[in-house]
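Me: Please take me through the protein–DNA contacts of this structure, with the reasoning behind each label.

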There are 2 protein chains.
Amino acid sequence: MAKSKDANLSPRKKPRQARSQVTVDAIFEATIQVLLVEGLQRLTTIRVAERAGTSVGTLYQYYPNKQALLFAVLQRHVGEVGEHVRRAAESVHGRPLTAIVSAVVRAFVQAKTDRIDEARALYSVAGELDSRRLVEESEERGLAVLTAVLRTSTDVQFDDLPTAAYMFMAAMIGPTTYMIEGGAPPSIMRAWSGQLESLCLGYLERAAYAIP
Amino acid sequence: MAKSKDANLSPRKKPRQARSQVTVDAIFEATIQVLLVEGLQRLTTIRVAERAGTSVGTLYQYYPNKQALLFAVLQRHVGEVGEHVRRAAESVHGRPLTAIVSAVVRAFVQAKTDRIDEARALYSVAGELDSRRLVEESEERGLAVLTAVLRTSTDVQFDDLPTAAYMFMAAMIGPTTYMIEGGAPPSIMRAWSGQLESLCLGYLERAAYAIP
DNA sequence: TAATAATATGACGATTCCTTCACTTTTGTT
DNA sequence: AACAAAAGTGAAGGAATCGTCATATTATTA
């Protein structure tokens, strides 16, 4: 019976002076670095504080517990990536399928690769039971965004739009996670955006029929 | 600097009587169950032993440490899935692309869904730094298998075979992991094999050109 | 400048966990 | 049945970690 400790995750104290904002940011970045270098198992609050150049006590003034630290990093990452994709999708409403796929895939790959350290570091965090909710919520929003934009496509329609949108989502996130986590060869990484576009478009064109 | 403690992972004692084999199996299965129910963070040797209906001492007679326990489960899983795919690929050497994709995808999905509890449980384990090597080795073998079988296709060839094979691999593993881990709706899960076939074939047909 | 508020520190209590080992019980053999 | 080998047990040493709090330092305000 897993304790459903709905721990408080909001900061206990808000930074009011400039120096403390610096500290908060340093702790945030240190969390990513420790995750990358040591792994989740060896991430301790003391290690994070040391890497950030402060002390545990300070850490606990801004993050109520270790969990909150990991949540903060995960939340910002999925939030930013989601927001980028949402904006890209919005900008291609009512365009042909190829334009939609191109814009969305590019935005997604761009957002992920711009934050590749975070993406790598968070792989193990996202796998923990405690983080599922956060990730799922973000995925639901993403699915809604993709469903909406696919519906506006001017040249094609889908028999089963929910499935098509889900596969589009899975085809972007799944392989990209695999690629980033697995440390693909540079040749692959460079070509990723184009390859992923092919993958998604290849599927969606098969799942669609032309509008008369 | 992460300690590269290449811990001994082979069992300290081999089971010689029937009862001990039962125990070893029970511990193995209990590991999966604890992972599923409690998560990696809360997996302790005592919890595993209790769930298996034995004691910690017994556990340590067959697994030298906690890490070895997780490795054993992960290794069997990737080994079995890899083997299934390998056999499927072998059986469609020298056939057209559609036949190859169909056989390989089906075998992969079959193997994964037959072991869906394991797959779910291992998601967090595979994310740990310590497990990377094991997973990477399996992925390398898989890539070699896919490269080999794609080369034998009778109706198409690839400009860039390594990239095509990598994407084929990523298109199978990535979305399936996403689907299983995210707990997709049943409608999606039921249609998964067909959808994944579309995804892979859609990509590969774009990346290929017909043999004259 | 003096007083107050904000920020920072790190030793420490409490807890959890890994692993060992001296010992018991069960099974197989002579 | 007597003995040896295999299997099983769980208390406890030792190590690691979380989060607190009494105290110290720095900034802001009056």
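The exchange below takes the two DNA strands in turn.

Reply: The model is predicted, and the values that follow are computed from it.

Me: What makes a residue count as near DNA strand C, and how many residues surround it?

Reply: The criterion is a heavy atom within 4 Å of the strand. For DNA strand C, 26 residues surround it, and the closest are A:Arg16, A:Thr23, A:Thr58, B:Tyr60 and B:Lys66. Of the atoms of DNA strand C that come within 4 Å of the protein, 73% belong to sugar and phosphate.

Me: Why is the approach of A:Thr58 to a phosphate oxygen of DNA strand C called a polar contact?

Reply: A polar contact requires a pair of N or O atoms within 3.5 Å. A polar side-chain atom of A:Thr58 lies 3.3 Å from a phosphate oxygen of DNA strand C, so the pair qualifies. A:Tyr62 also places a polar side-chain atom 3.1 Å from a phosphate oxygen of this strand. For B:Lys66, a backbone N or O atom lies 3.0 Å from a phosphate oxygen of DNA strand C; this pair is therefore a polar contact as well.

Me: Which element gives the most to the surface near DNA strand C?

Reply: That element is H3(A), with five residues. Helices H1 (18-38) and H3 (56-62) of chain A and helices H2 (45-52) and H3 (56-62) of chain B each supply at least two residues. By residue class, this surface divides into six nonpolar, 12 polar and eight charged.

Me: Which residues are the closest to DNA strand D?

Reply: They are A:Lys66, B:Arg16, B:Gln17, B:Thr23 and B:Thr58, and 25 residues surround the strand. Sugar and phosphate make up 78% of the atoms of DNA strand D that come within 4 Å of the protein.

Me: How do you know that B:Gln17 makes a polar contact with DNA strand D?

Reply: A polar backbone atom of B:Gln17 is 2.6 Å from a phosphate oxygen of DNA strand D. The cut-off is 3.5 Å, so this pair meets it. Polar side-chain atoms of B:Thr58 and B:Tyr62 lie 3.3 Å and 3.1 Å, respectively, from a phosphate oxygen of DNA strand D.

Me: Where does the largest share of the surface near DNA strand D come from?

Reply: It comes from H3(B), with five residues. The elements giving two or more residues are helix H2 (45-52) of chain A, together with helix H1 (18-38) and H3 of chain B. This surface divides into five nonpolar, 12 polar and eight charged residues.

Key: Residues are numbered from 1 along each chain as its sequence is written. Chains are lettered from A and ligands numbered from 1 in the order in which they are written. This is a predicted model: local features need pLDDT of at least 70, side-chain atom pairs count only at pLDDT 80 or more; totals for chains, interfaces and linings use all residues. Side-chain values use heavy atoms; hydrogens and water are left out. A polar contact is a pair of N or O atoms within 3.5 Å; within protein, one must be able to donate a hydrogen and the other to accept it, and residues adjacent in sequence count only if both atoms are side-chain atoms. Helices (H or I, at least four residues) and strands (E, at least two) are DSSP runs, numbered from the N terminus. Ala, Val, Leu, Ile, Met, Phe, Trp, Tyr, Cys and Pro count as nonpolar, Asp, Glu, Lys and Arg as charged, and the others, Gly among them, as polar.
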